[in-house]
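Student: Could we go through this structure together? I would like to begin with the metal site and then move on to the charged side chains.

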Amino acid sequence: FEFSGYLFIPADGIYDFYTESDDGSVLMIGREVVVDNDGSHGAIRATGKIALSKGYHSFILRYFEDYEGNSLEWGWKKPGSDAMELITAKDLFLN
Ligand SMILES: [Ca+2]
């Protein structure tokens with residue numbers, strides 16, 4: 001599966017992202033791979049970080065399922081926050 005669209009970044013800063021997937025997933029923002037959680041595996045989390053400016057940024061979230069269970073979740077930690085939270089529909093603008 002490939003999900004794409006735009007993510008609204010509320011303020012300049014360094015953002016942490018994660019995907020937690022069974023099996024593999026990769027998150028790209030702009031042309032940069034931010035989270036590489038690829039490969040055949042059970043539900044594991046991978047993280048990455050990127051500096052972003054305020055505004056709309058394109059993203060691609062790729063996911064595949066190989067065998068047995070299947071799940072996909074993604075989230076972020078905004079600058080000044082100390083906890084990861086889910087990315088919700090209000091953060092997204094789809095193509
Ligand atoms: Ca699986």
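Student: What is the geometry of the calcium ion's site, octahedral or irregular?

Tutor: Please keep in mind that this is a predicted model. The site of the calcium ion is irregular, with angles of 44 to 145 degrees among its six donor atoms. Six donors count as octahedral only if opposite donors are over 155 degrees apart, among other conditions, so angles of 44 to 145 degrees do not qualify.

Student: Which residues are the protein donors of the calcium ion?

Tutor: Asp 22 and Asp 23 donate through OD atoms, and Glu 65 is listed twice, through OE atoms. Tyr 67 and Gly 69 each contribute an O atom. These donors lie 2.2 to 3.1 Å from the ion.

Student: How are those donor residues spaced in sequence?

Tutor: The pattern is D-D-x41-E-x1-Y-x1-G.

Student: Is Tyr 67 buried, partly exposed or exposed? And what about Gly 69?

Tutor: Tyr 67 is partly exposed, at a relative accessible area of 45%. Gly 69 is also partly exposed, and its value is 31%.

Student: On to the charges. How many salt bridges are there?

Tutor: The count comes to five. One of them joins the side chains of Asp 16 and Lys 49, at 3.6 Å from N to O.

Student: Where in the chain do Asp 16 and Lys 49 sit?

Tutor: Asp 16 is in strand E2 (residues 13-22) and Lys 49 is in strand E5 (residues 44-52). The two are 33 residues apart, and the pair links distant parts of the chain.

Student: Why does Asp 16 count as buried?

Tutor: Its relative accessibility is 14%, and buried means under 20%, so Asp 16 falls in that class. Its partner Lys 49 counts as exposed, at 53%.

Student: Which residue does Glu 73 meet in a salt bridge?

Tutor: The side chain of Glu 73 meets that of Arg 45, at 3.8 Å from N to O. Glu 73 lies in strand E7 (residues 71-77) and Arg 45 in strand E5, 28 residues apart. Glu 73 is partly exposed at 30%, and Arg 45 is partly exposed at 43%.

Student: What about Lys 90 and Asp 91?

Tutor: Their side chains form a salt bridge too, at 3.6 Å from N to O. Lys 90 is exposed, with a relative accessible area of 65%, whereas Asp 91 counts as buried at 7%.

Student: Which residues are joined into one network by salt bridges that share partners?

Tutor: Glu 20, Arg 45 and Glu 73 are joined in that way.

How values were computed. Residues are numbered from 1 along each chain as its sequence is written. This is a predicted model: local features need pLDDT of at least 70, side-chain atom pairs count only at pLDDT 80 or more; totals for chains, interfaces and linings use all residues. Side-chain values use heavy atoms; hydrogens and water are left out. Donors are N, O and S atoms within 2.8 Å of the metal (3.2 Å for Na, K and Ca); water is not among the atoms, so sites may look incomplete. Four donors count as tetrahedral if all angles lie between 85 and 135 degrees; four count as square planar and six as octahedral if opposite donors are over 155 degrees apart and all others between 65 and 115; anything else is irregular. Buried means under 20% relative accessible area, exposed over 50%, partly exposed in between (1.4 Å probe, protein chains only). A salt bridge is a side-chain nitrogen of Lys or Arg within 4 Å of a carboxyl oxygen of Asp or Glu. Helices (H or I, at least four residues) and strands (E, at least two) are DSSP runs, numbered from the N terminus.
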